[in-house]
Structure formats: structure tokens, C-alpha cells
Amino acid sequence: MQGGTASMLEAAKAEHLWPRPPRWAMAIGAAAAALLLAYPFVFTSSFAHHTMILILLYALMAQSWNVVAGFSGQISLGHAIFFGLGAYSSTVLFAKYGVTPWAGLLVGVLLSAAAAVAIGVPTLRLRGHYFAIATLLIGSSVQIVFQRWEWVGAASGLYVPIERTSPWLYLQFHRSKVPYYYLMLAAAALGYLLVWKLRRSRFGFRLQALRDDHDAAASLGIAVARHKVLTFMISGAMMSVAGTFYGQYVLVLDPERLFSAEISILVLLMTVLGGSGTLWGPALGAAVLIPLSEYSRIWLGGTGRTVDLIIYGVLIVLVCMWRPSGLLSVFEERIRRRRTVS
Amino acid sequence: MLLEVENLEVAYGDYQVVWGVSLAVAAGESVALLGPNGSGKSTVVNTISGLLPAKAGDIRFNGVSLVDRPTHARAPLGIAHVLERRRVFPHLTVQQNLFLGAWHSAARAARGETAQRIFGLFPRLLERQNQLARTLSGGEQQMLAIGRGLMALPRLLMVDEPFLGLAPQVAQQLQSVFETLKSEGMAILFIEQNVRLALSMAGRGYILEGGRLAIAGPAATLVDSPEVRRIFLGV
């Protein structure tokens, strides 16, 4: 009993509200990192590189969605806004003014954070379904604006001008996809590190409280609205980074695709499939769904796109029936059981 | 007076449920807010803590008007609100739930010591400190909700139906905790449907009926009042 109180005091002083990850988890993490670093040399086909780049990209995008939905409990259906803003910021600056996409990346992040405030301050007062509906509509409105806006290419979109002089400065690699792979890996790793830190911080801790019980959190003195807006900003900034990298990867910006509700919903599906509110759920969801859509496209040709959506639908229904907290919970449960046995 | 509520009116949209309610709690005093189901007890307390906006009237705590302060800015003044039906954070541990109670800076600095005090009041919470709150029994969750409220070092503790659905043994244990808090000088505002139980713990009582103040007075006179019997039993 005494020991319990003492450890509580210590925990209070050291701010260790979350236990450190166990050693075996660190070992798995290190092994996974090594595998990811070696991947392009083990699987050398361009298709293998492409698939993995998309997995990493979507893992980052789904994590960004997870920050808002999984941690602060707000379902956004307009996340494609930030994806598109990221892609357009870097491309407009480069195509029109010759500014390096690295600077464009930062501009995109700032614009997306500003957009998150503009959207979040009025809409985050809404709870539950109403926030989802509002973001869905704002998302389509932004898409329509970009489809009509002549200065940014309207419906035909923009091309990223080809620049072969300095690949790292202009963020374009035409010989191989491997540099893109490592860039995406670094971006995703940074994103996940940020979220890991965030989740363990006092801020993240309060977010989970307000997700679980809005009124109780407010009555304890947590400034609920401010926390939600700040979370939305962080999330939008992460999504924007993914947008810039995507633009530099495909070199064509199509507002139909970039601002589509399909992207907003895809990141939702991945997160829910993997496990929303968890750190690794979004990555797991991306690792399941991206290969599914890429392979179905190969096997079934142009119509592959719709078949993969049918499979997504079936998967989501199955997850909702058997694993409402996501695929990751299957593993978590095993680990917990083993722990309690030993 | 520590808490003064003056002519409070509260409405959900166009639907007004509280009409001109006034009440007061002095420092160190324990007061019961009573009334049948739907008489507006919880609405009054939710308005004091800011979860609902007041339509008219004033709420002062320690002389400071609260009506223009957002919810989160009221807790640091020294008001703890233990919501109805416990409302602990289900996916956080007991310890994490408690620490969330100690959120403003003065409470944060003392939170280790406060937690120790709370574990003294509720030894069960110490045994369960690393368990997720949703795995606790109803009584343990109520202890946690009260403990979390106390972590803010409040001067006024408002508890909404703390005995609802508890086993008699647990209810008794809670009662003795409230006695301890009272003897330490904490002001407590109880919301209860159980008149006898509430009046046995409180010095004074206010009884609401249909959103209006029906009768108020010292606990001893309310217990046997025929008017109170009429309100609750309709006879």
C-alpha cells in the first residue's frame, strides 16, 4: 500500500502518466525500421516501390485523420481540403515563381493550419454528426472553388514543371522511385513520432479525456474548444505535408482527385479498419487497403477501382461486426492475455 | 456567502425549465438541493458549473460573477462538480482520471499529496490505481468521480445524485467520506432525490418543484414538513 502511494507521488513528479513501451516492443520497432530501410533493395521492382510509397503516404494521411477523430473524437469528412492545399501550395509557388517545393511545403503547412482555424472555430462547436456533415460540405465547396479558379488551372489542374538540374532542391526524381520512398518514409516516421509524443503529453492526455466525456472534461477546467481547434490545426498541417509530397510524386494536380470526398473517406476507412485512437492502427489500415486497391487494379484493369471499394465495404462491415475497435485490437488482446498469464 | 445564486432562469432553447431560483451556500456549510425527478436540480447545478448558459439571473462565487465565464474558467476558482451518473473517463486509468482533476496550476503542484489524501478516503482506488476506469464497479466509479473532483482542491463540492444505484454498504461508506470532508471545512452542495438521506447530511435544504423553489429551510424542519411530503408523494 505504502509503495503504491509512493509510486503515485513519483509518477506525479516525473509526469510519467503513460508507461514506457516494454523492451520487446522496442525490439519489434527496431526490426520493423530495419526492414523498412532495406525494403527498396530487397524488392527492386518499380511497382513494389510505388505500392510502398503509397502505403507510407496514406499511413501519414490516415494518422492525420486519426489525430482529430481518434484523439479528440471529431469525425472530419473534409480532410482532403488540407491534402489539396499542401499540393497546390508547393506547385503554384514552384510553377509560377520558381520557389523550391521545400518552401512550398512550409507555406502549405501554414495555410492548412490557418484553414483549420477558419473551419474549426465555427464548426468544432458542433458535436457528433453535425461536425461531419459540415466538414463534408466545406470539403466539396473548396473542391468547386479550385475547379473554377483560373489562376490555379481551374478544372484541368496544374503540372509540376520538370526540372532535372537539382533533384533534391526541386524534389523531383525521374530515374528511380527510391528517393521518393525514403522521403515518404522519413515524413511518415516524423509524423508518427510527433503523434507518439503528442499522445503521451499532457495535451494528448486531456484530448482523450474530452473525447471520452466532453462535459466532465470541461467541468474539470479543460478549455475544450481551444484543444479541439489546436488538434485540428496539427492534423491539417500533417495532411498538408502528405499533399506536397504527393504532388511532387505524381507531378500532376487534378482538383477532381486531390479535393475529392473519396480521399477524405479513404483515410477514415483505413483508420477505422486498423483501429482509431491507436498509434499504429492507421498504418495497419493503409498497409491492408493500399495493396488491395493496387493489386485489384492490376488484375481487373481499369474497373479495378470499383472492385476494391466493394472489398473495402465488406471489410469494414466485417470489422464493425467482429472487431469494432479495429484490427490492431486483435494483437493487443493477445498481448494483454499473455501478460496477465505471466 | 461562498456561492450565491440569484433569480436564476435556465432554458433549453425555447423551453424554460428553471424559473427564478435563488440559493446560497456559506463556506464550510453543507446544503441539500432536493426535488422530484425533472424538477430542475441538475439543470441548476449544470448552470452553476457552466455546462448550460443562464438565461437570466446571477451566479456569484466568492463575490465573483460567473455568468460570463466559460466552463473551464470556473473550476480553478474552487468549484468541483461531480456530474450525475459518475462520468469517469472510461479508457483512462484510475490514476490518470485523478490527475485530470488536478488541472489548474495550484492543484497540479499539490496533486501527489492530494492523491494520497484521496487514497486515504477511498483505499479501493489505491488498489485499483492502474486499472482502466471502465473496469471499476459502479461504487468504485462514484468514488473515482468524487476523488477526481477533490483533486482540484475545491472550496465547494457539488455532487449530483452520488448515491444513485449504489449498494447500501457503499452508500454508507460515501456518507462517512462526506462527513469527513464536512469536518475538514469543505462546503458541499448535494443533489438528491432521497430526502431523508440528504437532510441527514445537510444543515439546510432547498426543495425544487417544477423548476421553481418550493420551500427552503433548516434540515430539521424540512424532514417532518407536510409540504415536503406533498411535493414528493403527492399526498
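A polar contact is a pair of N or O atoms within 3.5 Å, where, within protein, one atom must be able to donate a hydrogen and the other to accept it. With that in mind, and remembering that this is a predicted model, begin by displaying chain A and chain B together: between them, four residue pairs are in polar contact, both residues of each pair being at pLDDT 80 or more.

Stay with the interface and select the side of chain B that touches chain A, where helix 2 (94-101), helix 4 (111-121) and helix 5 (123-127) of chain B each supply at least two residues. Widening the selection to the whole contact brings in 29 residues from chain B and 29 residues from chain A. The area buried between the two chains is about 2900 Å², and carbon and sulfur atoms give 66% of it. Now pick out B:His72, B:Phe89 and B:Trp103, which supply 22% of the area that chain B buries against chain A, more than any other three residues.

Salt bridges come next, and two of them are counted between chain B and chain A. To see a salt bridge, select A:Asp215 and B:Arg87, whose side chains meet at 3.5 Å, N to O.

From there, turn to the nonpolar interior. The largest nonpolar core has 131 residues, and those with the most contacts inside it are A:Tyr58, A:Met61, A:Tyr88, B:Phe122, B:Leu157, B:Phe178 and B:Leu181. Selecting helix 3 (residues 46-72) of chain A shows the largest share of this core, 17 residues. In chain B, this core draws at least three residues from each of domain 1 (3-78 + 154-233) and domain 2 (93-153).

Centre the view on B:Phe178 and show what surrounds this side chain: not counting residues up to four places away in sequence, B:Phe178 touches B:Ile146, B:Leu157, B:Val159, B:Pro162, B:Phe163, B:Ile188, B:Phe190 and B:Met201. Apart from this core lies another, of 28 residues, and among them are B:Val5, B:Ala24, B:Leu66 and B:Leu156.

The last stop is B:Arg60, found in strand 4 (residues 56-61) of chain B. Is B:Arg60 buried or exposed? B:Arg60 counts as buried because its relative accessible area is 19%, and the cut-off for buried is under 20%. Leaving aside neighbours within four places in sequence, B:Arg60 is in contact with B:Leu2, B:Leu3, B:Glu4, B:Glu6 and B:Ser65. With B:Glu6, the side chain of B:Arg60 makes a polar contact, side chain to side chain, at 2.7 Å.

Note on methods: Residues numbered from 1 in each chain as written. Chains lettered and ligands numbered in written order. Predicted model: local features only at pLDDT ≥ 70, side-chain atom pairs only at ≥ 80, totals over all residues. Heavy atoms only, no water. Core = buried A, V, L, I, M, F, W, Y, C linked by side-chain atoms within 4.5 Å. Buried < 20%, exposed > 50% of the residue type's maximum accessible area, 1.4 Å probe, protein only. Helix = DSSP H or I, 4+ residues; strand = E, 2+ residues; numbered from the N terminus. Domains from an automatic or database assignment. Contact = heavy atoms within 4.5 Å. Buried area = accessible area lost by both parts, 1.4 Å probe. Salt bridge = Lys/Arg side-chain N within 4 Å of Asp/Glu carboxyl O.
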